Amino acid sequence: MPPTDHLLTFLLASLVLIVIPGPSVLFTIGRALTIGRRGAMLSVLGNATGAYLQVIAVAIGVGTLVQRSTEVYTAIKVVGAAYLIYLGVQAIRHRHALSSAVAARAGAGGGSTRRLYLDGVLVGVANPKTIVFFTVALPQFADRSAGHVPLQLLVLGALFPAIALVCDSVWAVVAGTAREWLARSPRRLAAVGGTGGAAIVGLGVTVAVTGRDLG
């Protein structure tokens, strides 16, 4: 187990990084506005899973490769950005169907549970903000003199998705509630669906053009 002071310091660093709106928060809000709270919550769960997959990769050494290899880092970033843009375009294309979907499904998010969850996983795995944080910062909180460094990284890293799950869920509920209010007007709902889709597209573009210093 990592020392208590390392756990607390990493907890604080993770909280600060998470509460500052970044890719995960923007993705969550965009999903909540386009497919509702259910879909957003599933995306949040998937996103947290994807973040922990990054932690596992760092713990077994893949993170070092990502940090040292510009090609590997760029490939992950481009895939993630492209998928975000795809999701945003789909939301914009189907924005006029939102009102009928809400009426028919009583606010349920569109798509299967598995699909919505896996969408979140992919976005979480390809999030460059957490890639940089885990590869650069996470190893600094391990106590190498205590040994079992990979295990320490797994324990420390578990704190990040746990905090993200709570914080991003709040964003999902708030944005999802706002969407339900807007759903009273088909025109307003179509507008918010388009806005959510545009936000996701914008996020994808931002991820694609941002370098290793993403904060």
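Which residues of the largest nonpolar core touch the most other members? In this predicted model, where local features need pLDDT of at least 70, side-chain atom pairs count only at pLDDT 80 or more, and totals for chains, interfaces and linings use all residues, the core can be described residue by residue. Residues are numbered from 1 along each chain as its sequence is written, and side-chain values use heavy atoms, with hydrogens and water left out.

The largest nonpolar core (a set of buried Ala, Val, Leu, Ile, Met, Phe, Trp, Tyr and Cys residues joined through side-chain atoms within 4.5 Å) has 20 residues, of which Phe10, Ile18, Phe133, Phe134, Leu138, Leu153 and Phe160 touch the most other members. At least two residues of this core are supplied by each of α1, α2 (23-59), α7 (128-137) and α8 (149-182), and the largest share, 7 residues, comes from α8. In soluble globular proteins, nonpolar side chains tend to be buried together.

Isoleucine 18, which lies in helix α1 (residues 4-19), is buried with a relative accessible area of 8%, where buried means under 20% relative accessible area, exposed over 50% and partly exposed in between (1.4 Å probe, protein chains only). Apart from neighbours within four places in sequence, isoleucine 18 is in contact (heavy atoms within 4.5 Å) with Val25, Phe160, Ile163, Ala164 and Cys167. Isoleucine 18 and isoleucine 163 are 145 residues apart in sequence, yet their C-alpha atoms are 7.7 Å apart in space. Leucine 153, with the same exclusion of neighbours within four places, is in contact with Val55, Val58, Ala59, Leu138, Pro139 and Ala142.

Glutamine 54 lies in helix α2 and likewise counts as buried, at 8% relative accessibility; its contacts beyond neighbours within four places in sequence are Gly124, Val125, Ala126, Asn127, Thr130, Ile131 and Phe134.

The protein chain has 9 helices and 0 strands, these being DSSP runs numbered from the N terminus (helices H or I, at least four residues; strands E, at least two). Of its 215 residues, 47% count as buried, and residues 24 or more positions apart account for 87% of the contacts with a separation of 6 or more.

The mean pLDDT (the predictor's confidence in each residue, from 0 to 100) of the protein chain is 75, and 70% of its residues reach 70 or more. Among the elements, helix α5 (residues 98-105) has the lowest mean pLDDT, 48, and helix α6 (residues 113-125) the highest, 90. Over residues 101-109 the pLDDT is below 50, and this stretch has 12 contacts in the model beyond near neighbours in sequence.
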